[in-house]
Amino acid sequence: LSNLFNESPIFLVEGEDDLRIWQQAIRTSQGKLKIYPVDIDGIDHFSEYEKCVLDIINSVYDSPIAYSLRDKDDIDSDIENIPPLKRYRLNCRAAENLILCDEVLSSLGVNWETMIIRLDNWLSRIKDHPKYSKMKEFKGSGYDRLNFKLKEIRNIIIGETGTEKPWEVAVGQVIGKLVNGELSKDFSKNKLSSYLGENLVNELIK
């Protein structure tokens, strides 16, 4: 049992969206990404889940390790590990922002310049949409794809790429390609590795 769970350590994530992303990443990597994602149903439950995981792995496993991943939200500081639990925080605001990194957009046949044109066109066409004001706010941020809170408009954004894939599948597939080595690690601005964060990429994606 100890060997089994050490081969695929627990990987705590904030919600169902994150769970689907990482499950897809595991499938696309053909098992090379060896984690077991667990949805903790929101940021407020992280502490209790982390404590529970630590209690279990420290008492049951040999050479235990586990992971947790939070959204960045409005926090700029790093997060400290609680050995043997390694804790990560995305370098973009939340999982939805991964849609707009260069590699995910490219996988969907568009680039950032094209997306800006499409989002501008959407704003000019659909002024009675219930999410119009939020999209207008996104434009007002300078289309800050790294830090803007995209949760309310993520389905509009993925729709404007022209894909019919769920956004979690699109993101997870590209993460899986990064794991497989089909994409290189690139920590430049607006690249997937940069959005995921250097610690997570270098420690989980060998």
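Student: What share of the contacts with a separation of 6 or more joins residues 24 or more positions apart?
Tutor: The share is 59%. Contact means heavy atoms within 4.5 Å.

Student: What kind of model is this?
Tutor: It is a predicted model: local features need pLDDT of at least 70, side-chain atom pairs count only at pLDDT 80 or more, and totals for chains, interfaces and linings use all residues. Residues are numbered from 1 along each chain as its sequence is written, and side-chain values use heavy atoms, with hydrogens and water left out.

Student: How many helices and strands does the protein have, and in what order do they run?
Tutor: There are 10 helices and 4 strands. From the N terminus the order is α-β-α-β-α-β-β-α-α-α-α-α-α-α. Helices (H or I, at least four residues) and strands (E, at least two) are DSSP runs, numbered from the N terminus.

Student: What makes the protein as compact as a globular protein of that length?
Tutor: Its radius of gyration is 18 Å, and the globule rule gives 17 Å for 206 residues. The two values are close, so the protein is as compact as a globular protein of that length. The radius is taken over C-alpha atoms, and the rule is 2.2 Å times the number of residues to the power 0.38. Along the principal axes, the C-alpha trace spans about 60 × 35 × 25 Å.

Student: Why is Glu 50 called buried?
Tutor: Buried means under 20% relative accessible area, exposed over 50%, partly exposed in between (1.4 Å probe, protein chains only). Glu 50 has 3%, so Glu 50 counts as buried. Of the 206 residues of the protein, 48% count as buried.

Student: Where is Glu 50, and what does its side chain join?
Tutor: Glu 50 sits in helix H3, residues 46–60. Its side chain makes a polar contact of 2.9 Å with the side chain of Arg 70.

Student: How do you know that the pair of Glu 50 and Arg 70 is a polar contact?
Tutor: A polar contact is a pair of N or O atoms within 3.5 Å; within protein, one must be able to donate a hydrogen and the other to accept it, and residues adjacent in sequence count only if both atoms are side-chain atoms. The distance here is 2.9 Å, so it falls within the 3.5 Å limit.

Student: Which residues does Glu 50 contact beyond four places in sequence?
Tutor: They are Leu 12, Ser 68, Arg 70, Leu 85 and Arg 87.

Student: Leu 12 is on that list. Is Leu 12 buried or exposed?
Tutor: Its relative accessible area is 2%, so Leu 12 is buried. Leu 12 belongs to strand S1, residues 10–13. Among the residues that Leu 12 touches are Val 38, Phe 46, Tyr 49 and Ser 68.

Student: What makes Gln 30 exposed?
Tutor: Its relative accessibility is 74%, so Gln 30 passes the cut-off for exposed. Gln 30 lies in the loop between helix H2 (16–28) and strand S2 (36–39).

Student: What is notable about its backbone?
Tutor: Phi of Gln 30 is near 55°, a positive value in a residue other than glycine. Most residues other than glycine have a negative phi, and most peptide bonds are trans. Asn 190 also has a positive phi, of about 70°. Asn 190 is buried, at 14%. Its loop runs between helix H8 (167–180) and helix H9 (192–196).

Student: Where is there a cis peptide bond?
Tutor: The bond joins Pro 83 and Pro 84, with omega about 5°. Pro 84 lies in the loop between strand S3 (66–70) and strand S4 (85–89).
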